[in-house]
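Hi,

Here is the structure I said I would pass on. Have a look at it first, and then read on for what I found in it.

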Amino acid sequence: MRAFVVWFTTVLFASSVAFAQSEEPLVPTEEREDSEFVAPVIVDGEELFVVRGSSALPATERADKVAERVSEVGDASQSSSINVEIMDSEFGKLIRADGQMITTTTQADAEYEQMDVESLAALQAEAIETAILQYREARSNEGLVDSAIVAVAWTVIFALVSYGFFAKRRKLLDYIRSNLEKRAEGFEEATKSILRSKAIASIIVYAFHVLMWVFFLFFFYYYLSLVLLSFAETQGLAQILLKYVSEPLVTVVLAIVGYIPNLIMLAIIAAVTRLGIRGLDLFFENIESGAFELKDFEDHWIAPTKMLCRALFIVIALVFAYPYIPGSDSRAFQGLTILAGIMVSLGSNTVVSNMMAGLFVIYRRSTNVGDRIQVGDKIGDVTEIKLMETLIKSIKNEMISIPNAQLLNSEVVNYSRKVDGRGLLVHTTVGIGYEEPPKKIKAMLIEAAHRTQGLRKSPEPFVLWTQLADYAINYEINAYTSRGSSLPKILSDLRENIVDVFNENETQIMTPSYIADPPEPKIPSADWDGELAHISD
């Protein structure tokens, strides 16, 4: 078992080191431009040495031939010893194993490795001898038994882990869910918050479930790779499988380690920004509570000004943090940033115009929450002024959304804003025949105004002659009110009182087209006390 643990640790360590060094050049810097003319000799997934190619014999083809000869010598015998010879030849040093030529160490190989031919040939001969002996040992009966034992051991471990994963996964998740819900419920009771324990627990359990599957799939991947690595015949395939996962993981880890200084700077920028935003929040909270007082700074400006200051802080933080973001100096990241900016600029004209209009609406003091306004043919009370839109509740209790750009570019009538101390002027027009005394009509209209609740007695209501029409004089009664939000009801009551006063004084209000007087005045009976007929299906 101890040998098994040592073997497993050695394999993982060697794989990690090999993949971590895969980014480093295999040759010195001055020879790096020649690296495309060399190839490694690999036997059973292990690299022995590298050979240099030529135009007549490419490096990869030469490396394959050397590996094939090493395998042939290994298959030719089961002996635990081997005779390796180094001989002079026309092209360099010839290396033979058990009488069979394996490779020739050339002067070009020695120049590439920056050593003399004799030393390089000795090192290559030693590597060939070790590789052949390991090749034979791995394919011997004892080696096959050891490989089978290792594969069975990994299979048993994988089976136990798989059984625990599939059999106990649900119970573990249920246990985590129940504990999270209890903790969340206790937090809700302590903080009086509106958190939902089940929702939070479900999200955390889902994330934990995903992580469990990810770790299980990683374990299965490495189990398959290590089982293949146990047998000499499948070590090459195992090395490929390990490379597909281990190399990206090591690359990510090394990249994270390399970005630690930048991550520290990003953390500092985030901490400073967070402290600045907290200071802003505290400042505006004191303004809202009245601890601080700014001259001519209205209450409804607090929320938008706070939002703008927070946005400014965040933008400044992003500007400082941009150079430290991983990949910010790459052309792909810069191109993506430019593309996003172009898309935002082309698609957000209306959004930006509404946002700018919203700021003007908020800060120009023409409209406040609670005011009764008229925009076009829409009349209602302002309930909320947002950055993009303004919400008004109509007199029919309808919620109307008006884009701020329209609100800024339209004429807005504000019935709640006090221009002077007299209030809003309410008026309505009636047409009365020329035969009626104007003083009488004026007195009746003023009496109707006095009877109307919501109209002020001072300043005194007054009557204007708006038109001398063909059949009637158009009189306009004008009276002041300080209740602009109740204007429709006041106008309705005023018109009702006008009709009542004219009926009481037996004065007829003219119809739009007058031909002759009727036989009897069209005045309703003053003592009518009937009931409306009930309409049924």
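What share of the contacts in the chain with a separation of 6 or more comes from residues 24 or more positions apart? The figure is 61%. Keep in mind that this is a predicted model. The chain has 14 helices and 13 strands, and 32% of its 537 residues count as buried.

I'd start with the sheet towards the C-terminal end of the numbering. Three strands make up an open sheet, in the order E11-E13-E12, with antiparallel pairing. Strand E11 (424–432) and strand E12 (462–468) are the edges, each pairing on one side only. From one strand to the next, the twist averages 25°. Between E11 and strand E13 (residues 473–481) there are nine bridges, and one pair to click on is Ile432 with its bridge partner Ile473 in E13.

Two helices go with this sheet. Helix H13 (residues 438–451) packs on it and touches E11, E12 and E13, with a direction at about 30° to that of E13. Helix H14 (residues 487–504) lies across E11 and E13, running at about 35° to E11.

How do H13 and H14 sit relative to each other, then? Their axes come within 8 Å and cross at roughly 135°. Angles over 145 degrees would count as roughly antiparallel, and 65 to 115 as roughly perpendicular, so H13 and H14 are oblique to each other. The crossing of the two is right-handed. On the H13 side the residues involved include Ile441, Met444, Leu445 and Ala448, and they meet a set in H14 that includes Leu494, Ile498, Val501 and Phe502. Some charged residues are in that interface too, including Glu447 and Arg451 from H13, and Asp500 and Glu504 from H14.

The largest nonpolar core is in this region as well. It has 23 residues, and Leu445, Tyr475, Ile477 and Ile498 touch the most other members. E11, H13, E13 and H14 each supply at least two residues of this core, with H14 giving the most, at seven. Ile477 is a good one to centre your view on: leaving out residues up to four places away in sequence, its contacts include Val426, Leu445, Ile446, Ala449, Phe462, Val463, Leu494 and Ile498.

Apart from that core lies another one, of 21 residues, with Val43, Phe49, Val73 and Ala125 among them. One of the residues I looked at in the earlier part of the chain is Thr103, in strand E5 (residues 100–106). Is Thr103 buried or exposed? Its relative accessible area is 3%, which is under the 20% cut-off, so Thr103 is buried. Beyond its neighbours within four places in sequence, Thr103 is in contact with Phe49, Arg62, Val66, Arg69, Lys93, Leu94, Ile95, Gln124 and Ile128.

There is a helix pair to look at here too. Helix H2 (residues 59–76) and helix H4 (residues 117–138) have axes 9 Å apart and pack at an angle of about 50°. That value falls between the roughly parallel range (under 35 degrees) and the roughly perpendicular one (65 to 115), so H2 and H4 are oblique to each other. H2 passes H4 in a right-handed crossing. Val70, Ser71, Val73, Gly74 and Asp75 are the H2 residues that meet Ile128, Ala131, Ile132, Tyr135 and Arg136 in H4.

Next, a hairpin. Strand E6 (residues 372–375) and strand E7 (residues 378–385) run antiparallel and are joined by four bridges, one partnering Gln374 with Ile379. Two residues lie between the strands, and Gly376 in the turn has a positive phi of about 65°. E6 also has three bridges to strand E10 (residues 412–414), again antiparallel, where Val375 has Val412 as its partner.

Last, some backbone oddities. Most residues other than glycine have a negative phi, and most peptide bonds are trans. These are the exceptions I'd check:

- Ser458 and Pro459 are joined by a cis peptide bond, with omega about 0°; Pro459 is in the loop between H13 and E12.
- Gln114 has a positive phi of about 60°; it is in the loop between helix H3 (107–113) and H4, and is partly exposed at 46% relative accessible area.
- Asn397 has a positive phi of about 65°; it is in the loop between strand E8 (389–394) and strand E9 (399–403), and is exposed at 58%.

Cheers

Terms used:
Residues numbered from 1 in each chain as written. Predicted model: local features only at pLDDT ≥ 70, side-chain atom pairs only at ≥ 80, totals over all residues. Heavy atoms only, no water. Pairing = 2+ DSSP bridges. Axes fitted to C-alpha atoms, helices over the stretch in contact; angles between N-to-C directions. Contact = heavy atoms within 4.5 Å. Core = buried A, V, L, I, M, F, W, Y, C linked by side-chain atoms within 4.5 Å. Buried < 20%, exposed > 50% of the residue type's maximum accessible area, 1.4 Å probe, protein only. Left-handed = near helix turned anticlockwise from the far one by under 90°.
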